[in-house]
Amino acid sequence: MNEQPSSVAGAENAAAPLLQARNIVKIFGDLRANDDVTLTLKAGEIHALLGENGAGKSTLVKIIYGSLQPTSGALYWKGQPVTVANPAAARDLGIGMVFQHFSLFDALTVTQNIALALPPGLGMAELAARIRTVSADYGLPLRPDALVADLSVGERQRIEIVRCLLQEPRLLIMDEPTAVLTPQEADQLFVTLKRLASEGCGVLYISHRLEEVKRVCHEATILRHGKLVARVDPQQETAASLANLMVGSEVAVVKTTRGLAPGEPLLELAGLSMGTDDPFGVSLKNIDLTVRAGEIVAVAGVAGNGQGELFAAISGETLTAEASQVLFAGAACGGEHITSRRRRNAAFVPEERIGHGAVPTFTLSENVVLTHHAIGEGVVRNGLINPQAAQAVNAKVTEMFDVRKGTPDPEARALSGGNLQKFVVGREVILQPRILVVNQPTWGVDAGAAAVIRQALIDLARSGSAVLVISQDLDEIFEIADRIAVISRGELSDAVGAEDMSLERIGLLMAGAHEKANQAGGTAAAP
Amino acid sequence: MKIILEKRSQRSRAMALLSPLLAIAITVVTGGIIFASLGLDPAKALYVYFVEPVTTLWSIEELIVKAAPLVLIGAGLAICYSANVWNIGAEGQLTIGALFGSAIPVYFTTWQSPLTLVMMLVLGGFGGAMFAAIPAALKNRFGANEILTSLMLVYVAQLLLDWLVRGPWRDPQGYNFPQSVPFEGWQLLPLLGEGRVHIGAIFAVIAVIALAVMMGRSLRGFEIRVVGNSPRAGAFAGFNQKRVVWFTFMLSGALAGLAGICEVAGPSGELQPSISPGYGFTAIIVAFLGRLHPFGVLLGGVLMALTYLGGESAQITMNLPNAVTGVFQGLLLFFLLASDVLMRYRIRIGSVMRGSAL
């Protein structure tokens, strides 16, 4: 990671920037999603747009791409004022966009998918030839006749990029492109982006991964709460200084203490296999894993590789075929429902806080009842709810996890994502469970809240509990995990000590290096 | 130009409670306009419709007689709808409840003991619950839409009633009229006071209080609200969605069945081909008018009972057809749903380009 971005080259019009968004304001109801934001992007520049969730990055990009119109402010393209009425107009100007979520048809080939997005008039054979040329030129190997269903997430992203490149864009917008990629795939993407920039194409790169931004970007525009806070040269900044600009305050450093010898196994998965009824689901295949008292084990992997199914199998939302496939403290409980498993002193935090971990229209104290009704400090007695007890739990969680809210007991939906996540995690941690399973503990959460949550997980493990963390965030995993396993297409690798795990090795595993050969063609990972 | 419904950023609790009052006000105004267009004096017509029925003791008693089944059924439906379970077939459950309960006087005509009445009431509730279990089973087992199945079963129940009172259950001494033997003694509900008010009204009040406690304080009520609001959170809490479907359907069915047997053992005193002026359907409006809260249902039930009485007095005093009742009930439901939508959304007319609201 010691390479430097190539210098700005091939700028066709040094006088006028390629794109300028001047004083953009966008108001939704009472919310100022963009408040006087100005962004200037030169040809041949890779420009990072940084900000936490809800900072207004997506709104700004949608305005540039024509899917939203600004309340006030204007766009200038090569120095000329323009109105981008819709995405088609953006494409006509030469703006291409690669979305975080792909829009591809699984049942069609690469060529067919790309043909759907292009203006008619090009023969299929001719198009296939051009795809081959362009993808080879830019180091994005693609077989034009491959079925999308058979491709990995990284390859699917390549289709989207090639689709944009065929239209010879002057500006390429990429929304969190590496969120779904293995480290190796990300490296390959950076080579392509640098090549594009060297040819004079501008790239607007949206990310919250600061190391990456330092590595490939020439300029960075940082937003916070819809306002422009800084425009910096990422080379001159550290990841910590960028984070401070994004968050607006110092981010607490998570204190890890290692060295305690793990105790007895508390959570064991033994040959866990499970089919799926959901056409987009992933089957779990013969998963073995042990989490011992006092340690945090992390399951890494690209989204949609069976994380949700694994969580449901451990929590008891889905029952396993044989009880012995899931063991809590040695007791086979694969056939027990989630309530019985909670009574075994286990606790769970699902990925989606709204609608799964909490009911949005219920108050926080009611949401305490959601997971404490069968356990805990008399929240329910003789079938009747004790509101005072639930309120006491809420107050305790609020205090311990610094949950910020307007009133003591608001509806869950009134909280910001970070604060609600602190509540949902805190609600379980406060029970001091012997086993805690958390799916994406800090997904979409600001850096301050993430630090609080990670610290709580570490402290719980050090107090003698077994903690299993399922996460896509490799930085988070290396920060807190004692051992790391990788899930890919429903198969789990062996858990390896974090100190023995490198980014390269994890990347190979995320791409499926451990999958058994005889099962490799079985299912496709749903994006 | 387009009409756009824009979600309001916040919903106020006060407005949610105000919505039914607003709907009632608009219904009265619209009703006045309809009367005027029929060439009637709107003030007098509205007086006859809404005020006259509560000016005499007799008509207040009649109001209670009509409100009792509406409240009983509406309270059960409110629980159902809170669970996102759409029982539209309360009219059928009412009919089957009436049939089950009436089996006692029909087959044991001479049995006279307090137990007779208890048995009739228990069977009434049981019959309604069993009939409601059919759409619940179809939904849980096959995923069949309960709105359709419960509604279609209403007609099954009504045809069954019709066949019984014209066929096997017809009173042999009834001069061939389509009706059962008249109920007597302990086969009839005790009356409260001198008039027609019977202990069904007390059942309704007890049901309202019991359900309010259940929904507000018990884990069972919490389970119903969670599953209705957010099924995935319900599964995460360890609640079984199918169990909630069974419970809410059979509870509302039992209450409708109880209302049914109270109707035949009370005001009617016998089985007839028609035992309810659509209480089971009107109770749907009552449930929504009451904001799906048992205490709200109590007020909503009284108001809807008034529309029945108003319809009758408009018929007598002003020679208006009985359909006026249906018109008012429909207007009220329409305006209620409209106010609810406008509480949650605001209307914006114009192009998509404009950023700010009205």
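## A tour of chains A and B

Start by colouring the two chains separately: between chain B and chain A about 2200 Å² is buried, and carbon and sulfur atoms give 58% of that area. Buried area here is the accessible area (1.4 Å probe) that two parts lose on being put together, summed over both. Before you go on, note that this is a predicted model, in which local features need pLDDT of at least 70 and side-chain atom pairs count only at pLDDT 80 or more, while totals for chains, interfaces and linings use all residues. Residues are numbered from 1 along each chain as its sequence is written, chains are lettered from A and ligands numbered from 1 in the order in which they are written, and side-chain values use heavy atoms, with hydrogens and water left out.

**Stop 1: where the chains meet**

Select the residues in contact (heavy atoms within 4.5 Å): chain B brings 20 and chain A brings 32. Now show B:Arg232 and A:Glu352, which form a salt bridge with their closest N and O atoms 3.0 Å apart. A salt bridge means a side-chain nitrogen of Lys or Arg within 4 Å of a carboxyl oxygen of Asp or Glu; there are 2 between the chains. On the chain B side, highlight helix H8 (219-229) and helix H9 (231-237), the elements that give two or more residues to the surface touching chain A. Helices (H or I, at least four residues) and strands (E, at least two) are DSSP runs, numbered from the N terminus.

**Stop 2: the domains of chain A**

Next, colour chain A by domain: domain 1 (19-94 + 169-247), domain 2 (264-345 + 433-527) and domain 3 (353-431). These bounds come from an automatic or database domain assignment. The centres of domain 2 and domain 3 of chain A, taken over C-alpha atoms, are 25 Å apart. Their contact takes 18 residues from domain 2 of chain A and 16 residues from domain 3 of chain A.

Which three residues supply 32% of the area that domain 2 of chain A buries against domain 3 of chain A? Select A:Arg342, A:Pro433 and A:Ile453; no other three residues supply more. The area buried between these two domains of chain A is about 1300 Å², with 67% from carbon and sulfur atoms. The salt bridge count between domain 2 and domain 3 of chain A is 0.

**Stop 3: A:Arg434**

Zoom to A:Arg434, in the loop between helix H13 (417-429) and strand E19 (435-439) of chain A. Is A:Arg434 buried, partly exposed or exposed? A:Arg434 is partly exposed, because its relative accessible area is 33%, where buried means under 20%, exposed over 50% and partly exposed in between (1.4 Å probe, protein chains only). Show A:Asn345 too: 89 residues away along the chain, its C-alpha atom is 5.7 Å from that of A:Arg434. Beyond neighbours within four places in sequence, A:Arg434 is in contact with residues including A:Leu266, A:Gly464 and A:Ser465.

**Stop 4: the nonpolar cores**

A nonpolar core is a set of buried Ala, Val, Leu, Ile, Met, Phe, Trp, Tyr and Cys residues joined through side-chain atoms within 4.5 Å. The largest has 134 residues, and A:Leu436, A:Leu457, B:Ile73, B:Phe222 and B:Leu271 have the most contacts inside it. Domain 2 and domain 3 of chain A each give this core at least three residues. Apart from this core lies another of 64 residues, among them A:Val162, A:Ala186, A:Phe190 and A:Ala230.
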